[in-house]
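User: I would like to go through a protein model step by step, with the terms explained as they come up.

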Amino acid sequence: MKKILLFALLITSVQAFAQQVKTAVNNPEEWVNPLMGTDSKYDLSNGNTYPAVALPWGMNFWTPQTGAMGDGWQYTYDAHKIRGFKQTHQPSPWMNDYGQFSIMPVTHRLKVSQNKRASWFSHKAEVAKPYYYSVYLADHDVTTEITPTERAAQFRFTYPQTDSSFIVIDAFDKGSYVKIIPEKREIIGYSTKFARGPLKNFKNYFVIYVDKDFTLSHTYSDSTLKDGQSLEAKHASAVIGFKTTKGEQVHLKVASSFISMEQAELNLQREIGKDDFDSTEQKAKTVWNKTLSRLTVAGGSTDQVRTFYSCLYRMLFFPNKLYEVDANNQIVHYSPYNGKTMPGYMFGGTGFWDTFRALYPFLNLVYPSINKEMQEGLINDYKEGGWLPEWSSPGYANVMIGNNSASVVAEAYLKGLRGYNIDTLYEALLHGANKEGPNGTGRKGVNYYNKLGYVPYNVKINENAARTLEYAYDDFSIYQLGKALNRPTAETDIYKKRSMNYVNLFDKTTGLMRGKNKNGEFQSPFNPFKWGDAFTEGNSWHYTWGVFHDIQGLVNLMGGQQQFIKKLDSVFTIPPIFDDSYYGEVIHEIREMQIVNMGQYAHGNQPIQHMLYLYNYAGEPWKTQYHVRDVMDKLYKATPDGYCGDEDNGQTSAWYVFSAMGFYPVCPTSGQYVLGAPLFKNLTLHLENGNTLIINASNNSENNKYISTMSFNQKLYNYNWVSHTDLLQGGVIDFKMSAQPNKLRGINANSFPYSLSNEK
């Protein structure tokens, strides 16, 4: 009985600690759990993340590798063995990887193949931080530690006493090269393995220095020992060996380059030089502290703080740098489009279908200088490849739909970014909006869309209704940018008109969006619960709300505010039934909707994530406040199963971070953020322009989730939105929260956010 009572007290204490209100947060990097979202698999995603040891937007990430070579699920929380420590550039398991090789310490008996060298490990002997990773490899009695720079890293292996200590450098299959230079304690090589191509002249060059003489050095083709100290093969590996004493630490300095071996060496010397492991770790920690501290929170529970900073950590990887600094201190990059070394910036590893929604708006608000580099990188994408990417990994990838580069480009300029050639980017937008390009660029079905006002259902173009809806918003973005650039009215009016094309798919008989045949008739039979087909990774209940730029127009189509509200409410009250016949299986996105008990609301995928905020457009903002808090509480936590679907390049995390601030960019190119309700008693945003925005909600609590009143710089504020321009000025937003909704605030049309239909 005493043991039971003690256990109950322990559980109660743990729960109390998790809910303890934190008055202030210092060293936010220590609150991050890089394992958030790693308990995932093909048929159920809790994030589909991996613990990335890297710097914000760094060119290289490192991760422990539990999956087999080439497996997109390169680290999963339920695995028991580690096969190596992998340099990775993988944005998601569905995209898989490029620019990869691994390093693995081995003892006692030399084992080269990935399965034989693998070692059991435990999360109890694992430390994962943004700037540092450590794990004990039980089968080898070795502790591995890693700390990163942008293009390099340091390893520290602590060995047992043995005359048989080894390090295996695996350059992976699909064509690779290794060379051991014992007199310099150096290993060099390259990997050509990539998942998405074609890529011209692609090589990931690496250089490794070890601080201990080699007593053994071999090369292997697969697991076959080869003569000589260098090897070019389909699958090349290098092995070095030495004697070690108990507790002896062996250090590696590692760097890579997409340009050349010489550039890899330069990256190593520039970013690590003579620094020891601890110095590199401290520098990495400082970078993370500075970057995460742009947002400081107080007055939240331990769980909320951990989740907030774990989400923010995840957001700061995408897209990642592909550029390097050459011997003349010039910014250069390997071009995945022409295979040459080219001047200027380049980024990769993101899909705009996901990230236009909240990730890029967040960059524009909090980290605009890095997005300026990204915009310059997009110019180079266009110049070298002829198109703007919609998915880049590292070059064009035909994965998702839409032409959402229009939103990414237009929003950056509309929100004040300058100092790059916006005219070239505008040209690129017009090019992509009126042509169909290779590998997912431009617009599939564009001739139909421009002529009919929609992409037809029956012309063998999949996901046609979704394409139409996204193209309409993309056209709005082009319209907004064209106006800002003082383009001719005759030109901008084309895109304004096309941005209303969403109307063509609205079916008044069901109150939902529906595929339409070439002859103007709606496709039949119509099942609004059918995933895919006319839609993308969702059904009509998810995509009907995808009119970001003209919610008032959608309200009008549905018959007014009350019908619109009723339809929104229905998303949560209709059971999570589904039709998976288009896919032929229950894809993980369907399962993730089904199991969370929120009706048809599918937060685990992007198309519906903004929908919670739409009550603000119809006079019942308190329902947004309720549902946003409900999703934050139920569907996010800084644990291995902490997401409710694919995290997707920072987007799902950005939803949480924006929502915790108290607002969300429903329509990124409108310049407005739609109000929800803040999560913390205090959040301070340290803007890049030197201004400070303070968001107070002093009486915020689990029960007090509704906005009673709001003031902005001590003036009563009754709008359901805030403007980007006003936020950049800094100041103080004060929310008074209550347990009951204020049903008199934000109910009038003059309080509603922007809609194109209201434009005069």
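Analyst: Two strands pair if DSSP finds at least two bridges between them, and strands (E, at least two residues) and helices (H or I, at least four residues) are DSSP runs numbered from the N terminus. This is a predicted model, in which local features need pLDDT of at least 70 and side-chain atom pairs count only at pLDDT 80 or more, while totals for chains, interfaces and linings use all residues. Residues are numbered from 1 along each chain as its sequence is written, and side-chain values use heavy atoms, without hydrogens and water.

User: Which residue in strand 4 is the bridge partner of T63?

Analyst: Strand 2 and strand 4 (residues 84-88) run antiparallel and are joined by five bridges. Within strand 4, T63 has as its bridge partner K86.

User: Why is one side of strand 2 and of strand 16 left without a neighbour in the sheet?

Analyst: Seven strands with antiparallel pairing form an open sheet, in the order 2-4-5-11-18-15-16. Strand 2 (61-65) and strand 16 (224-226) have one side without a neighbour in the sheet because each stands at an edge, with a single partner strand.

User: Which helix gives the most to the lining of the largest cavity?

Analyst: A cavity is a set of points on a 1 Å grid over the protein atoms alone where a 1.4 Å probe fits but cannot get out, and its lining residues have an atom within 4 Å of a point. Strand 26 (347-348) and helix 8 (368-385) are the elements that give two or more residues to the lining of the largest cavity. The most, four residues, come from helix 8.
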